[in-house]
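Trainee: Hey, got a minute to go through this structure with me? I'd like to know where to start looking.
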Amino acid sequence: MNIKILDLIQRETDQPVKHILLMAALSGIANAGILALVNTAADQALDLGEASVRLLVMFVATILLYFFTKKKALMESSILVEKVINSVRLRMIDKLRLSDLRTLDNIGESKFYNVLTEDARALSTSTPILVNAFQSAIMLGFCLLYLGLLSVVAFGVTVAMVAGAVMVYLANAEQVRVNLENATHEETHFFDFMSHIIGGFSENKVYQKRNDALFHNFLSRSLNRALTLKVNAQKLLVGNFMFAQVFFYVLLAVIVFVLPRFDHLDGDIITKTTAAILFIIGPLENIVSAAPVLARANVAINNLETMEAHIDAEATKDKPATPQQIKKLSQFQTLTMNKITFCYRDREGRDGFPLGPVNLTINRGETLFIIGGNGSGKSTVMRLLTGLYYPRSGQIRCDNTVINSENYQAFREQFSLIMSDFHLFDRFYGLEDVDTDRVQELIDYMEMDEIVSYSEGRFSNINLSTGQRKRLAMITTLLENKPICVFDEWPADQDPTFRRRFYTEILPQLKEQGKTVIAISHDDHYFHCADRILKMFEGNFVPYDGKM
Ligand SMILES: Nc1ncnc2c1ncn2[C@@H]1O[C@H](COP(=O)(O)OP(=O)(O)OP(=O)(O)O)[C@@H](O)[C@H]1O
């Protein structure tokens with residue numbers, strides 16, 4: 001079986017695993033040495049009435065060697081694997097944050113969390129077990145060698161029977177792997193359903209049927225399917241394990257009862273051989289019980305590698321933005337979408353909603369409202385315009401500058417967003433020298449002063465109503481001071497006063513500051529506050545006819 005964890009460590013660290021393997025091997029040898037010393041001492045005691053002091057000293061030295069080498073191997077391997085997990089986690093999150101929004105859409109949050117938590121944990125817990133198994137394998141090898149010195153026949157029989165057990169195990173190992181892999185896949189569905197149960201707690205609370213259906217028909221079934229797969233894997237493993245054990249006792253019986261009949265082994269050899277075989281029961285158990293752990297660790301590494309490959313395959317080629325690029329683009333006069341097309345693709349690669357070809361020119365300082373029915377493509381076009389999605393074809397231009405991988409990030413930096421699925425941050429991450437007085441002024445303006453304060457660089461409370469959360473997000477937008485502000489139905493959750501304030505105070509103030517504002521709106525009472533209204537219908541702009 002492939003031991004992927006070794007390749008992983010080798011790839012991820014500059015520390016060679018050789019040292020750990022050497023320590024584990026030494027402790028295995030020392031462990032086998034203990035057996036040889038015990039047998040020799042027993043022999044001496046039988047012949048001379050007591051074992052020699054020299055043997056005692058050697059015995060103590062061997063135990064010390066065993067103790068220190070094994071401790072070192074276990075400690076170093078655990079620390080190394082924790083470091084590997086840390087660096088893999090950091091790298092994956094780094095790659096994900098630099099990839100595009102569609103990559104996250106396609107992977108799904110549950111899958112990402114599952115791989116970075118469950119699989120990473122599986123790797124972490126597997127390490128000491130695997131090191132132990134490796135040490136046991138070395139010990140087993142030396143015990144077998146010792147057996148060979150005692151009796152070639154006993155050695156041959158033992159090797160044949162152990163090899164038989166290993167072959168049976170290997171035959172089942174692949175099936176175990178497939179079952180465990182499917183179980184982790186099924187657990188991703190389980191996490192999805194769990195997110196519906198927890199995320200939709202309130203909705204479910206007032207709708208018993210959905211609550212029950214989600215739990216009984218989906219979550220439980222998914223968990224049961226995962227359970228069946230795990231049980232199958234366990235059955236195969238237990239079968240393997242028991243086979244190895246019984247095989248083992250059969251081996252003992254062969255050595256004690258059968259061999260003496262065919263080979264003239266004297267009693268002393270049989271006793272030592274039996275002691276050696278009894279001595280290797282523990283290591284064999286360690287090796288056999290490490291098998292599922294190794295299989296699980298391999299599955300975990302597979303999952304990590306597959307997800308990273310997925311992120312890499314869709315990695316953007318965008319260069320980081322430079323201050324010069326950002327400055328240059330911020331002086332734009334017109335922003336153009338030229339024959340932009342886009343199509344959602346599901347996880348199987350099938351095409352979904354098509355958008356475009358969209359042609360749009362936005363002038364600096366304009367206040368634009370984008371209107372249209374649900375699902376007409378307003379948010380999608382905004383994600384394209386702001387560089388969150390890449391168009392399938394067409395061009396975005398800032399004046400005469402074509403937006404491409406050289407300047408996509410610099411282009412995105414022009415926008416401040418409050419999308420419908422906005423995220424509220426507790427701090428102004430990335431904003432240096434925040435003017436605390438200005439923040440307080442904005443908190444007062446948003447009429448949030450009785451609920452939220454700003455101290456030690458963070459909002460005191462972000463567990464707020466949707467409308468209040470949007471007001472805090474607006475504070476961030478105003479402080480970011482970007483040239484273009486995009487609001488996806490910001491007033492939708494505001495009371496009439498704040499709705500009015502948005503259209504008649506905030507938008508005019510932004511305009512006065514020279515900002516370009518693009519707002520998705522359904523508030524026809526306030527359409528007069530826009531310089532221009534753009535209507536979307538079935539994935540494209542159509543002339544505004546005065547109707548929603
Ligand atoms: N992440 C996604 N994956 C696949 N299809 C999507 C995704 N998001 C939106 N769509 C599809 O794209 C179409 C346009 O959606 P979009 O969110 O742009 O509409 P919208 O005009 O903003 O609607 P609303 O007014 O309801 O917010 C819809 O048919 C929707 O099903």
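Mentor: Sure, and keep in mind that this is a predicted model. Let's begin with helix 11, residues 378-385, which lies across strand 1 and strand 2. Helix 11 runs at about 120° to strand 1.

Trainee: What order do the strands of that open sheet come in?

Mentor: The order is 2-1-4-5, four strands with antiparallel pairing. Strand 2 (351-363) and strand 5 (401-402) are at the edges with a single partner strand each, so one side of each has no neighbour in the sheet.

Trainee: And what holds strands together in general?

Mentor: Strands in a sheet pair through backbone hydrogen bonds, and they can be parallel or antiparallel.

Trainee: OK, how many bridges join strand 1 to strand 4?

Mentor: There are 5 bridges between strand 1 (residues 334-345) and strand 4 (residues 393-398). If you want a spot to click on, Asn338 stands opposite Gln395 in strand 4.

Trainee: Anything odd about the backbone around Pro357?

Mentor: Yep, Gly356 and Pro357 are joined by a cis peptide bond, with omega about 5°. Pro357 sits in strand 2.

Trainee: Which residue in strand 1 should I check?

Mentor: Try Lys339, which is found in strand 1. Phi of Lys339 is near 50°, a positive value in a residue that isn't glycine.

Trainee: Is Lys339 buried or exposed?

Mentor: Lys339 is exposed, because 12 other C-beta atoms lie within 10 Å, and the cut-off for exposed is 12 or fewer. Asp399 has a positive phi too, about 50°, and it's not a glycine either. You'll find Asp399 in the loop between strand 4 and strand 5. Asp399 counts as partly exposed, with 13 C-beta neighbours inside 10 Å.

Trainee: Switching topic: how far does helix 3 reach?

Mentor: Helix 3 covers residues 53-98, 46 of them, and spans 67 Å from first C-alpha to last. That's close to the 68 Å expected at 1.5 Å a residue.

Trainee: Which residues of helix 3 are buried, and what covers them?

Mentor: Among the buried ones are Tyr66, Ala73, Ser77, Val81 and Val88. The cover includes helix 1 (4-12), helix 2 (18-48), helix 5 (109-150) and helix 9 (267-313).

Trainee: Last thing, where are the domains?

Mentor: Domain 1 is 4-313 and domain 2 is 323-542. Their C-alpha centres lie 52 Å apart, and 4 residues of domain 1 are in contact with 5 residues of domain 2. On the domain 1 side, the touching residues divide into 1 nonpolar, 1 polar and 2 charged.

Technical notes: Residues numbered from 1 in each chain as written. Predicted model: local features only at pLDDT ≥ 70, side-chain atom pairs only at ≥ 80, totals over all residues. Pairing = 2+ DSSP bridges. Helix = DSSP H or I, 4+ residues; strand = E, 2+ residues; numbered from the N terminus. Contact = placed C-beta atoms within 7 Å. Axes fitted to C-alpha atoms, helices over the stretch in contact; angles between N-to-C directions. Expected span 1.5 Å × (residues − 1). Buried ≥ 20, exposed ≤ 12 C-beta atoms within 10 Å, placed from the backbone. Domains from an automatic or database assignment. Nonpolar A, V, L, I, M, F, W, Y, C, P; charged D, E, K, R; others polar.
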